[in-house]
Amino acid sequence: MASAKSSQGAAGLGGGGTEGSGGMSGAGPVRGALRSVGRALHLPFTGTARGIRKATHAHGAGESGLGKLIELHGVNGAGDMMITVALASTVFFSVPTDEARGRVALYLAITMAPFTLLAPVIGPLLDRLPHGRRAAMAGAFMARAFMALLLSGAVVTGSIELYPAALGVLVASKAYGVVRSAVVPRLLPPNFSLVKANSRVTLGGLLATGVAAPIGAGLQALGPRYPLYGAFVIFVAGTFLSFSLPSKVDSAKGEDKALLAADEQHLHGPHLKPPQRPGLRTVGPAVTHALAANAALRGLSGFLIFFLAFLLREHPLGGQSAAVSLGIVGVAAGVGNALGTAVGAALRSRAPEVIIVTVIAVVLGVAITAAAFFGPVVVAVLGAFAGFAQALSKLSLDALIQRDVPELVRTSAFARSETLLQMSWVVGGAIGIALPLNGTLGMAMATAIVAVGWLTTVRGLLSAARHRGDRPRARVA
């Protein structure tokens, strides 16, 4: 019996072993199938990532480091869009039109009044960190991540924390933008103009914003906190990505050898000490006139955003709903902005002054047409052209500052220009909030804003471009 039992046990073990080996032999195809499924599921993400990397690193941008800055700016745009979706839903869409006008005006007053005091400090503070630009960018991302968490509670409770947190996001966003603009010349690939490099970076941010907008709207449908949680995750990722930029971003090489290239009376050689700390006024009329022209376009942008937002809530376009009407104008402006950035990327012109004069003249003509023939199509066209002009003229302004302002104070120059443009946007928005909701009157005001900016700067810009053409053209590096 013992022998029989032993034989049965052996048979049982043998059978188990055969079954087990069969199971192991069957595991190979199963694992192969799982790998195939995994690759199929993973392909859209890895393929998309490879496509993005190939696009951002094209034409030498990968070798110079500009590609990484483009990707970082995309992360920045996605995070800011999440914040925008959350705040817009809280301040604007959740209440009737009359109450919304008051809440938006209060929001602008509470956030922008302190911003006017804090913004001028950003440039000089960052000027003291020539070796810490990557750390400054990372700090701006981390600050916004923290503010996003504060806002996630404020948007639910409606507490007063909403306003200081929103102000913190605004200041940190502008600080990032200032440093990013000052960094671009150090990452310029061979045969790249500044306008083209700036447009590549801006286009990356626009594309990321377009992707993040529907995602943010979907998160908003789950609850007002969720877009802000998404922003927190994105900004934390941006904090780490900031340190992936090349180390030359932090180099201060050449900052004591600035060459002013716009005003012959202030030119100095690399071995001569400047008579005074150079600023915007020492670079001649090109930068100041370009800044004034951009301020007019930014004021137009603020005006159109707020005026049309309230007008279309009360009087939708062509019998459409208010949401559809706002969407039409918003999409038109976004397409125009993206197109302007794309044109900047393709442009080989070395005369940013001429670009600014031309695009503002076109917008002025469209605004006059909109005032004379107010209607759905014309309003959408004006939004598209305003977005196009704003994008292309801002790229040209950045190129002028990078070209004509010494690197020693270039960060301050960007900070001052960003402050002026932001306040111009607020002034335009305030006019849009206060103006009666009459379409023809609104388009006439839009025409006046553009006309003042164009007429006061056209002669100075063309003169600066003409005189610039008589000098050797230096490439900013």
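Let's start with Y229. Y229 sits in helix α8, which covers residues 226–242. This is a predicted model, so keep that in mind throughout. Is Y229 buried, partly exposed or exposed? Its relative accessibility is 34%, so Y229 counts as partly exposed. Buried would need under 20%, and exposed over 50%.

Y229 also has company. Together with L149, L222 and Y226, Y229 makes a nonpolar surface patch. The patch comes to about 390 Å².

Now step back to the whole protein. How many helices and strands are there? The count is 15 helices and zero strands. The protein has 477 residues, and 50% of them count as buried. Its accessible surface is about 21,900 Å². Carbon and sulfur atoms hold 68% of that surface.

What about contacts along the chain? Take the contacts with a separation of 6 or more. Of these, 83% join residues 24 or more positions apart.

Next stop, helix α7. Helix α7 runs over residues 194–222, which makes 29 residues. How far apart should its ends be? At 1.5 Å a residue, the expected span is 42 Å. The C-alpha atoms at the two ends are 42 Å apart, so the model agrees with the expectation. Still, α7 has a kink of about 25° at A212. That kink comes shortly before a proline, P214. After α7 comes G223, and the phi of G223 is positive, near 160°.

On to R134. Look for R134 in helix α5, residues 133–157. The relative accessible area of R134 is 19%, so R134 is buried. The cut-off is under 20%. Which residues does R134 touch, leaving aside neighbours within four places in sequence? The list is S242, F243, L245, P246, S247, V249 and D250. One of those names ties back to our opening: S242 is a contact of R134, and helix α8 covers residues 226–242.

Last residue: I431. I431 belongs to helix α13, residues 407–434. With a relative accessible area of 30%, I431 is partly exposed. Beyond its neighbours within four places in sequence, I431 is in contact with F303 and M445. Look at M445 for a moment. M445 and I431 are 14 residues apart along the chain. Their C-alpha atoms are separated by 8.9 Å.

One general point about helices before we finish. An α-helix has 3.6 residues a turn, so residues three or four places apart point the same way. Now find Y226 and Y229 in the patch again.

Notes: Residues numbered from 1 in each chain as written. Predicted model: local features only at pLDDT ≥ 70, side-chain atom pairs only at ≥ 80, totals over all residues. Heavy atoms only, no water. Patch = residues over 30% accessible without salt bridge, like charges linked within 9 Å, V, L, I, M, F, W, Y side chains within 5 Å. Areas by Shrake-Rupley, 256 points an atom, 1.4 Å probe, with all protein chains shown as cover. Salt bridge = Lys/Arg side-chain N within 4 Å of Asp/Glu carboxyl O. Helix = DSSP H or I, 4+ residues; strand = E, 2+ residues; numbered from the N terminus. Buried < 20%, exposed > 50% of the residue type's maximum accessible area, 1.4 Å probe, protein only. Contact = heavy atoms within 4.5 Å. Expected span 1.5 Å × (residues − 1). Bend = angle between axes of the 7 residues up to and from the residue.
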